[in-house]
Amino acid sequence: MTDLVVRKIGWEFDATVPFLWQPTNPNFGLFCNAFTFIAVPFERYIVSAVRMAADRLAEKPDVAAEADRFLKQEAQHAAAHRRHMLALIERYPDLGQCYAAACAAYDELLEQEPVEFHLAYIANLEATFTPLFKVILDHRDSLFGGGDARVASLMMWHFVEEIEHRSSGLILCNHVNRRPWSRVKHVRRTFGHVAAIADAIAAAFDDVVPIEDRGVSTRALLSGDFLTGELRHRIPVRRRPRGPGRAPTIFQPVPTADLVKMVWRLALSQTPYHDPADQPLPDWAQTWMRAYDRGADMTTFARSSGTTEGDIDC
């Protein structure tokens, strides 16, 4: 079992938080904004799904304890991202509709599928976070540097804790789905559902937020091949100019070798016997945790750690 720490941090966001909070890397900033709008309904879905399975998870005290800590961490994430989301909705009220639509999509899924499916969905998606967030934290200077310290610090905290509880979803899933293939058979449905929600959020961003406030087309940036398309662009024999309106990718500053490793680990994360506990981790996650233990102000830790020099005062 993982040893999870429930950290309550006093996040504060208001209308002074710009939509284009990362002017030196607007593509990554837009990705993080979309992440906020996905995270809140997804964390809400996690809480509902795990509560549906409460009686079965209670069969083993250690699994029940894991579920309790996992839900408490996820509830903190949902509350914090909700504050960020509401600050953006205050600037652009029509964005509230895409949040409501995402919640409705998850509510419908909860009604349609049994608890075994929901825990497989959670485990499948959570398995991708360690390779993805390792790359982000390993290259935090080029991705977060120059951005608003409030948003950057929120994202860093969430990514660190997702890595900390990287095995929780699988532990709960394996308790109700005893055969590894029972999780894998839901991979396509899982990511098809997530992609549809992400596309609807991206479309709302493009419709509601003026181009000068977001920098690029969200739908072009978050298209289904945003990782593999970047790799194809970097391979010399396949390299071709980006077409008109084609946004640079989210991970443009990340070296190709690191992207290749990430894509490979993302693929492995959906195999039957994959265990997130065995994945390589970002060393910096321990730096963040030690700073929290010392009592540092984690709401602007991106600034105090030197990651976002020249960012917006808050």
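**Salt bridges and buried residues**

Visitor: Why does Asp199 count as partly exposed?

Guide: Its relative accessibility is 34%. Buried means under 20% and exposed means over 50%, so a value in between gets the label partly exposed. By the way, this is a predicted model.

Visitor: And what makes Arg219 partly exposed?

Guide: Arg219 has a relative accessible area of 41%. That also falls between 20% and 50%, so partly exposed is the right label.

Visitor: How do you know that Asp199 and Arg219 form a salt bridge?

Guide: Their side chains meet at 2.6 Å, N to O. The cut-off is 4 Å between a side-chain nitrogen of Lys or Arg and a carboxyl oxygen of Asp or Glu, so this pair qualifies.

Visitor: Where in the chain do Asp199 and Arg219 sit?

Guide: Asp199 is in helix 10 (residues 187–208), while Arg219 is in helix 12 (residues 218–221). They are 20 residues apart.

Visitor: What makes Arg150 and Asp14 a salt bridge?

Guide: Here the N to O distance is 3.8 Å. The limit is within 4 Å, so the pair still counts.

Visitor: Which parts of the chain does that pair of Arg150 and Asp14 link?

Guide: Distant ones: Arg150 belongs to helix 7, and Asp14 lies in the segment before helix 1. They're 136 residues apart.

Visitor: Why is Arg150 called buried or exposed, whichever it is?

Guide: Arg150 has 8% relative accessibility. Buried means under 20%, so Arg150 is buried. Its partner Asp14 has a relative accessible area of 38% and is partly exposed.

Visitor: How do you know that Arg7 and Glu164 meet in a salt bridge?

Guide: Their side chains come to 2.8 Å, N to O. This pair joins distant parts of the chain too, with Arg7 in the segment before helix 1 (26–52) and Glu164 in helix 7 (residues 149–164), 157 residues apart. The distance is within 4 Å, so the name fits.

Visitor: Are Arg7 and Glu164 buried or exposed?

Guide: Arg7 is buried, and Glu164 is buried as well.

Visitor: Which residues are linked with Arg7 in a network of salt bridges?

Guide: Glu161 and Glu164 are linked with Arg7 in that network.

Visitor: How many salt bridges does the structure hold?

Guide: There are 11.

Visitor: What about the protein as a whole: how many helices and strands are there?

Guide: You'll find 16 helices and 0 strands. Of the 314 residues, 55% count as buried.

Note on methods. Residues numbered from 1 in each chain as written. Predicted model: local features only at pLDDT ≥ 70, side-chain atom pairs only at ≥ 80, totals over all residues. Heavy atoms only, no water. Helix = DSSP H or I, 4+ residues; strand = E, 2+ residues; numbered from the N terminus. Buried < 20%, exposed > 50% of the residue type's maximum accessible area, 1.4 Å probe, protein only.
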